[in-house]
Amino acid sequence: MTKTLEEIKSRALDELRNLNDLNEIEAWRVGYLGRKGTVTQLLRGLSSLPIEERREAGAAANNLKSLLEQALAEKQESLRKAELDKLVQQSRLDVTLPGHHVQVGRLHPTTKILREACAVFVAMGFEVVEGPEVEWDYYNFEALNIPRNHPARDMWATLWIDYQNEAGERPMLLRTHTSPMQIRFMEKRQPPIRVVMPGKVYRHEATDATHESMFYQIEGLAVDKGISMAHLKGTLYEFARRLFGRDRKVRFRCDYFPFVEPGVDMAIDCFICQGKGCRVCGDEGWIEILGAGMVHPDVLRRVNYDPDVYTGFAFGMGLERIPMLKYGIDDIRLFYSNDLRFLEQF
Ligand code: DAH
């Protein structure tokens, strides 16, 4: 018996010494100490021995068992340490190596210009407010003096929402401009008002280099006692100079928008050719950037403002056009086609 134990012991320890991976070690454990392992069997076999031999053999076998268990634990421990040492070796930090280049995100060119434009107006005392892109006919057209069947509706190719009310009308649409926010804002508030309202607008149009079916506008509104055309001109002139350079000139010409009277379009002198005429301004020397005007008295009445007490000016402009002009971007579709080669330039 003692001889068998000695043999098992030296064989087991020899084997264990030569193992160096956790799977092999586990197999070794099962082979000797597992439920059907050599040592376990041996301990079970003790019961068949005569009682005098049993005690001594039992003690020896138990000794062997704990000896092997301890050897196993030591082996596992040393293996784990070796593994860890290897990892540390491999991952040792060399502070002299150049760092990895981390790709950081950036703001979309539209977001940038939107923030820039809003900041100019905020500096002049305007607040910034946003509103819904799904809109009612009433706000987008009716309340802005554009009744059903009015030819001015042709100015805005409209995307209608497939929704019918009890009267059988389809009064829901994707806003074609940010002007409905004028009404929404005045319904909620009383003068004095100084507000800009940026956001997405939608048009039912074939896209090309200068047309997208979704783009951004920024709307402005100032209503107070004694607001005049001079305020409109002064505000928008300052805006143009802050965005396009201190030496900009502006030009106002009569234009028609049903919700203002008088209505104007504003152009800046071309900042590429300083007004001489070039490709950017189409040889005009001037670049039209926005529509504006004095808020129509009927619009004021509709929100229960007394036009004999209050007057106001409003303006609206497309946002993408500004970076297009500033950076010479020749296709508006680039803004929303998610091409990183384009977006990473800003
Ligand atoms: N909403 C007009 C458009 O989309 C632009 C506009 C013109 C807005 C004159 C105004 C304004 O507030 O006074 O074409």
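**Entry 1: α2 and α3**

I started with helix α2 (residues 22–33) and helix α3 (residues 38–45) in this predicted model. Their axes come within 3 Å and cross at roughly 10 degrees. Angles under 35 degrees count as roughly parallel, so I logged α2 as roughly parallel to α3. I then listed the residues in contact. From α2 I noted Gly-31, Tyr-32 and Leu-33; they meet Thr-38, Val-39 and Thr-40 of α3. Sorted by class, this contact has three nonpolar and three polar residues, and no charged ones.

**Entry 2: α2 and α4**

Next I took α2 against helix α4, which covers residues 51–90. Here the axes come within 11 Å and the crossing angle is roughly 175 degrees. The cut-off for roughly antiparallel is over 145 degrees, so α2 goes down as roughly antiparallel to α4. On the α2 side I found Leu-22, Ile-25, Trp-28, Arg-29, Tyr-32 and Leu-33. They meet Lys-65, Leu-68, Glu-69, Leu-72, Lys-75, Gln-76 and Leu-79 in α4. By class I recorded eight nonpolar, one polar and four charged residues for this contact. Tyr-32 and Leu-33 of α2 appear in the α3 contact and in the α4 contact.

**Entry 3: the largest pocket**

I looked up the largest pocket and its volume, which is about 1,200 Å³. Its lining has 43 residues. Nearest the centre I noted Phe-215, Glu-288, Ile-289, Gly-318 and Arg-321. Which elements give two or more residues to the lining? I got the strands β6 (214–224), β8 (260–269), β9 (286–295) and β10 (311–318), plus helix α10 (321–327). The largest share comes from β9, with six residues. I also split the lining by class: 21 residues are nonpolar, eleven are polar and eleven are charged.

**Entry 4: aromatic pairs**

I found 18 aromatic pairs in the structure. I picked out Trp-136 and Tyr-163. Their ring centres are 6.1 Å apart and their planes stand at 65 degrees. Planes over 60 degrees apart count as edge-to-face, so that is how I filed this pair. Where do the two residues lie? Trp-136 is in strand β2 (residues 134–136), and Tyr-163 is in the loop between β3 (159–160) and β4 (172–174). The pair therefore ties together parts that are 27 residues apart in sequence.

**Entry 5: cis peptide bonds**

I checked the peptide bonds next. The bond from Pro-191 to Pro-192 is cis, with omega near 5 degrees. Pro-192 sits in the loop between α7 (180–188) and β5 (193–202). The bond from Glu-261 to Pro-262 is also cis, and its omega is near -5 degrees. I placed Pro-262 in strand β8. That strand is among the elements I listed for the pocket lining.

**Entry 6: a positive phi**

Last, I looked at the backbone of Gln-274. Its phi is near 55 degrees, which is a positive value in a residue other than glycine. I located Gln-274 in the loop between β8 and β9. Both of those strands give two or more residues to the lining of the largest pocket.

Technical notes: Residues are numbered from 1 along each chain as its sequence is written. This is a predicted model: local features need pLDDT of at least 70, side-chain atom pairs count only at pLDDT 80 or more; totals for chains, interfaces and linings use all residues. Side-chain values use heavy atoms; hydrogens and water are left out. Axes are lines fitted to C-alpha atoms, for helices over the stretch in contact, and angles run from 0 to 180 degrees between N-to-C directions. Helices (H or I, at least four residues) and strands (E, at least two) are DSSP runs, numbered from the N terminus. Angles under 35 degrees count as roughly parallel, over 145 as roughly antiparallel, 65 to 115 as roughly perpendicular and the rest as oblique. Contact means heavy atoms within 4.5 Å. Ala, Val, Leu, Ile, Met, Phe, Trp, Tyr, Cys and Pro count as nonpolar, Asp, Glu, Lys and Arg as charged, and the others, Gly among them, as polar. On a 1 Å grid over the protein atoms alone, a cavity is a set of points where a 1.4 Å probe fits but cannot get out, and a pocket is an open set with protein on both sides within 12 Å along at least five of seven lines; lining residues have an atom within 4 Å of a point. Grid points are joined across faces, edges and corners, and a volume is the space filled by probe spheres set on the points. Rings of Phe, Tyr and Trp (its six-membered ring) pair if their centres lie within 6.5 Å; planes under 30 degrees apart count as stacked, over 60 as edge-to-face and the rest as tilted.
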